[in-house]
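Me: I am new to reading protein structures, and I keep meeting labels without knowing where they come from. Could you show me the structure and let me ask about them?

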Amino acid sequence: MKAGKLDRKIALEREVETVDRYGTPSSVWTPIATVAAQRVTASTDEFLAASGERTETAMVFRVRYRTDVRLSDRVTFEGTAFNMIEIKELGRREGLELRCEARR
């Protein structure tokens, strides 16, 4: 994966359960990393065509390989949060392709 193609910054966030001082549990999105990414537009069209007509905004990001990314995490890009739909390994631990759709 060439560094020159990783021209965007995305934040990977994980939902964490916290308890406030009154003992009430609540969920908070906590950043786990800010990474360089490549936004892939050609794969987005294929992704949308394969899954049928959708009303959500879909994005595909490529990042360097990480072992700590889960489907339950989310991606934040340019102020918009995206749910992860699929994580694909690229090559032999070269990178990850994160297929996402905008949260409602």
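Me: How much of the protein is buried, and what makes a residue count as buried?
Reply: Buried residues make up 35% of the 104 residues in the protein. The label means under 20% relative accessible area, while exposed means over 50% and partly exposed lies in between, using a 1.4 Å probe and protein chains only. A word on the origin: this is a predicted model, where local features need pLDDT of at least 70, side-chain atom pairs count only at pLDDT 80 or more, and totals for chains, interfaces and linings use all residues. Residues are numbered from 1 along each chain as its sequence is written, and side-chain values use heavy atoms, with hydrogens and water left out.

Me: Why is I32 called partly exposed?
Reply: I32 has a relative accessible area of 30%. That value falls between the limits of under 20% for buried and over 50% for exposed, so I32 is partly exposed.

Me: Where does I32 lie, and which residues does I32 touch?
Reply: I32 lies in strand β2, residues 25-40. Leaving out residues up to four places away in sequence, I32 touches L12, E13, R14, D68 and D73; a contact means heavy atoms within 4.5 Å. I32 and D73 are 41 residues apart along the chain, with 9.3 Å between their C-alpha atoms.

Me: What makes a stretch count as a strand or a helix, and how many are there here?
Reply: Both are DSSP runs numbered from the N terminus: helices are H or I with at least four residues, and strands are E with at least two. By that rule the protein has 1 helix and 6 strands, in the order β-β-α-β-β-β-β along the sequence.

Me: Why is strand β6 described as mostly covered?
Reply: In β6, residues 95-102, 8 of the 8 residues are buried. G95, E97, R99 and E101 point one way, L96, L98, C100 and A102 point the other way, and all are buried.

Me: How do you know that β6 pairs with β3 and β5?
Reply: Two strands pair if DSSP finds at least two bridges between them. Strand β3 (residues 58-64) and β6 have 7 bridges, and strand β5 (residues 80-90) and β6 have 8. Both counts satisfy the rule, so both are pairs, and each is antiparallel. Within β6, E97 is the bridge partner of R62 and also of K88.

Me: What joins β5 to β6?
Reply: β5 and β6 form a hairpin with 4 residues between the strands, and G91 there takes a positive phi near 65°.
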